[in-house]
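Let's take a walk through this structure together, starting with the overall layout and working inward. Have the model open so you can follow along.

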Amino acid sequence: MISAAVHAKDVNIAIVGGGLMGREIAAAIQRWPALIDHPVRPRLTAVCDINPDALAWFDQIDTVTTKVTDYHELVNDDSIDVIYIAVRHDLHEQLYVDTISAGKSLLAEKPFGIDRAASETILAAARAHPESFVRCSSEIPFYPGAQWAINYVRSGALGRILEARNSFRHSSDLDVNKPLNWKRQNKYCGKAGVMNDLGLHVWHVPLRLGWHPERVYGVLQNIVAVRPGLSGELEPCDTWDNAVIHSWARHDGCEFPLTTEMKRIDPGQKNSWEFEAVGLDGGVRFSTSNPKAVDVFTTADIPGIGREQSWQRIEVGSQSIWPTVTGGIFEAGFSDSILQMWASFLAEREGALGERFGCVRPEEAAFTHRIFDAAILSQQSGAAQVP
Ligand SMILES: NC(=O)c1ccc[n+]([C@@H]2O[C@H](COP(=O)([O-])OP(=O)(O)OC[C@H]3O[C@@H](n4cnc5c(N)ncnc54)[C@H](O)[C@@H]3O)[C@@H](O)[C@H]2O)c1
């Protein structure tokens, strides 16, 4: 039935930060008609960037009628309902708190403040302003295969969990001569480095499954310590490049090892997000490297052979949490996961998400900074730390 779009509620969106992610989100919103019977019809009406050249890109989107260089103009604009903010980490606290305090809804970007103190200030603002619906961006779990894996764990099919792993790895920094940018400097990225970049992506699913790490061991590497700056001279590149966090979590009361990996320098990888959980009765594995496939571990009676262990491959197709016009057998990709994340965010804002998977909550985002702090302390002390 293609009818609900007629009754969908209009919601006006503004973007602050018209860089990599600001454009990605703007493009995703243009694909909204792909969603079937969504309760909201978003319109991107306004964009802010301190760089006027970045604003020019948005000329190609007809609904954008406001372009400004000072975000206060959007925060104070009564016509705007929701603001998505994608700026440097050191700017998160001020911009998020100002947006929340003005009563606007906010889809924040990770890492939800540059450090634990900033994230707790943002969390306090969100609690003080319940009229502002606040969530944090983490799109990869909205891949159909990731949803399949999450639902499989929730079904109890794994039995007692033996171990789980969630990783996000790329090799964008393999070239040691790649110029320095804000993401590679502690003062802009934060002292958690790669954990601030990739950490929320690998903790969203574990935390939503109720896997809160009780003890944390951090294994952190700063592999490339200097990079060419704007002048061409070598400058300090002081962020952690790779981080592995080993931890103990609990499922149905039983402890199990939970590992998260966040790597900028992992040769051969290009934005590969992987989730794997194995239990006594079953297992499940999904990687964005193979977006249609979910591997499921089971034991089966094979005629003439007997009981065998086997990993089986299931092709999951295109559908995630919100139905789309896309053919069910087609495959999904990064921009589909962004669209699904926004479908989840705006549906939850209307109280219409139901049991579907939701975006990262402020409490979850703030808790990831406790995990990162514990990992840094563990790296320094050589001992496990409690987040
Ligand atoms: N969810 C994801 O997959 C994902 C991927 C990449 C980055 N991010 C996050 O998105 C955020 C932005 O990253 P990016 O890669 O888009 O950065 P970017 O550098 O490409 O873009 C940032 C933009 O913000 C603008 N800006 C700076 N200060 C501003 C201000 N005061 N007001 C308005 N605009 C301002 C800059 O001019 C720039 O155009 C970061 O928090 C980053 O961690 C998320």
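## Finding your way around

Start with the parts list: the chain has 10 helices and 16 strands. Keep in mind that this is a predicted model. Seen along its principal axes, the chain's C-alpha atoms fill a box of roughly 70 × 60 × 40 Å. How does the radius of gyration sit with a compact globule? For 387 residues, such a globule would have a radius of gyration near 21 Å, and the chain has 21 Å, so the two agree.

What about the inside? Buried residues account for 45% of the chain's 387 residues. The chain also brings distant stretches of sequence together: among contacts with a separation of 6 or more, 69% join residues 24 or more positions apart.

Now split the picture in two. The chain divides into domain 1, covering 4–136, and domain 2, made of 140–347 + 360–381. Their C-alpha centres are 25 Å apart. Where the two meet, 32 residues of domain 1 are in contact with 33 residues of domain 2. On the domain 1 side, α1, β2 (40–48), α4, α5 (116–128) and β6 (134–136) each supply at least two residues. The biggest giver there is α5, with 6 residues. By character, the domain 1 side that touches domain 2 has 20 nonpolar, 3 polar and 9 charged residues.

Next, look for the largest nonpolar core, which has 100 residues. Those touching the most other members are A14, V16, L74, I83, Y84, I85 and A375. Where does this core lie? Both domain 1 (4–136) and domain 2 (140–347 + 360–381) give residues to it, so the core lies between them.

To see one of these residues at work in the packing, pick I83. Setting aside neighbours within four places in sequence, I83 is in contact with A14, V16, L74, T99, K104 and L106. Three of those names, A14, V16 and L74, also appear among the core residues that touch the most other members.

Finally, turn to the ligand. Which residues come nearest? There are 23 residues around the ligand, and G17, G19, L20, M21 and E109 come nearest. Two helices, α1 (20–30) and α4 (89–101), each supply at least two residues of this shell, and the largest share, 3 residues, comes from α1. You've met both helices before: α1 and α4 also each supply at least two residues to the side of domain 1 that touches domain 2. As for its make-up, the shell around the ligand divides into 10 nonpolar, 7 polar and 6 charged residues.

Conventions:
Residues numbered from 1 in each chain as written. Predicted model: local features only at pLDDT ≥ 70, side-chain atom pairs only at ≥ 80, totals over all residues. Near = placed C-beta within 6 Å. Helix = DSSP H or I, 4+ residues; strand = E, 2+ residues; numbered from the N terminus. Nonpolar A, V, L, I, M, F, W, Y, C, P; charged D, E, K, R; others polar. Domains from an automatic or database assignment. Contact = placed C-beta atoms within 7 Å. Core = buried A, V, L, I, M, F, W, Y, C linked by C-beta atoms within 7 Å. Buried ≥ 20, exposed ≤ 12 C-beta atoms within 10 Å, placed from the backbone. Rg over C-alpha atoms; globule rule 2.2 N^0.38 Å.
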